[in-house]
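Here's a walk through some side-chain contacts, from rings to charges. Have the structure open and follow along.

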Amino acid sequence: MIGDDNLDLLHKWKGYPEHFRYCDFIILPRHHGGDLAERVAGHPYSDQLHPLYTDTVPVSSTEIRERVAEGRSISAFVPGK
C-alpha cells in the first residue's frame with residue numbers, strides 16, 4: 001500500500017521492477033493531484049496497481065518516521081494502540 005505520490009517514483013525503488021514479481025500495489029490518493037486512474041493506466045505494470053478511492057491520507061510514512069526520530073508526537077496520525 002503506497003500513496004499516489006510514490007507511484008511516479010516506483011522506478012527509482014531499489015530492486016525495481018522485481019517488486020511486481022511478488023506483489024501488487026494498492027494506491028491511496030494523497031496530495032499529488034491529477035487523475036489517478038490515468039496515471040495508473042499509463043504505468044508499465046498497471047495491471048498490478050489498484051487505486052483505492054478513499055478519503056485523502058493526510059500524512060506520509062516518511063513524515064511519521066521523521067517525527068519519531070525528532071521525538072515529536074504522532075498521536076494525530078496513528079491509532080492509540
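Let's start with tryptophan 13, which is partly exposed at a relative accessible area of 28%. Keep in mind that this is a predicted model. Phenylalanine 25, by contrast, is buried, with a relative accessible area of just 6%.

**The aromatic side**

A search of the whole structure turns up five aromatic pairs. In one of them, tryptophan 13 meets phenylalanine 25 edge-to-face, with 5.8 Å from centre to centre and 75 degrees between the planes. That pair links distant parts of the chain: tryptophan 13 is in the loop between S1 and H1, while phenylalanine 25 belongs to strand S2 (residues 25-28), twelve residues apart.

Phenylalanine 25 also pairs with phenylalanine 20, and this time the geometry is tilted: the centres are 5.2 Å apart and the planes make an angle of 55 degrees. Why does the 55-degree pair count as tilted? The edge-to-face label needs planes over 60 degrees apart and the stacked label needs them under 30, so 55 degrees falls into the remaining class. Phenylalanine 20 is buried too, with a relative accessible area of 6%.

Zoom out a bit and these rings belong to one aromatic cluster, made up of Trp13, Tyr16, Phe20, Phe25 and Tyr45.

**The charged side**

Now for the charges. How many salt bridges does a search of the whole structure find? There are four, and here are three of them:

| Salt bridge | N to O distance |
|---|---|
| arginine 39 and aspartate 4 | 3.2 Å |
| aspartate 8 and arginine 39 | 3.1 Å |
| glutamate 70 and arginine 72 | 3.0 Å |

Take the bridge between arginine 39 and aspartate 4, at 3.2 Å. Arginine 39 lies in helix H2 (residues 36-41) and aspartate 4 in the loop between strand S1 (2-3) and helix H1 (19-22), so this pair ties together parts that are 35 residues apart in sequence. Are the partners buried or exposed? Aspartate 4 counts as buried, at 3% relative accessibility. Arginine 39 counts as buried as well, because its 16% relative accessibility is under the 20% cut-off.

Arginine 39 also meets the side chain of aspartate 8 in a salt bridge. Here again the pair links distant parts of the chain, with aspartate 8 in the loop between S1 and H1 and arginine 39 in helix H2, 31 residues apart. Aspartate 8 is partly exposed, with a relative accessible area of 37%.

The bridge between glutamate 70 and arginine 72 has other surroundings to look at. Glutamate 70 is exposed, with a relative accessible area of 52%, and arginine 72 counts as partly exposed at 42%. Back at the earlier bridges, shared partners join Asp4, Asp8 and Arg39 into one network.

**A serine by helix H3**

One last stop is serine 60. Where does serine 60 sit? Its place is in the loop between strand S3 (49-51) and helix H3 (61-69). Serine 60 is buried, with a relative accessible area of 18%. A polar atom of its side chain lies 3.1 Å from the backbone nitrogen of glutamate 63.

Key:
Residues numbered from 1 in each chain as written. Predicted model: local features only at pLDDT ≥ 70, side-chain atom pairs only at ≥ 80, totals over all residues. Heavy atoms only, no water. Helix = DSSP H or I, 4+ residues; strand = E, 2+ residues; numbered from the N terminus. Buried < 20%, exposed > 50% of the residue type's maximum accessible area, 1.4 Å probe, protein only. Polar contact = N/O pair within 3.5 Å; in protein donor to acceptor, adjacent residues only side chain to side chain. Phe/Tyr/Trp six-rings, centres within 6.5 Å; stacked < 30°, edge-to-face > 60°.
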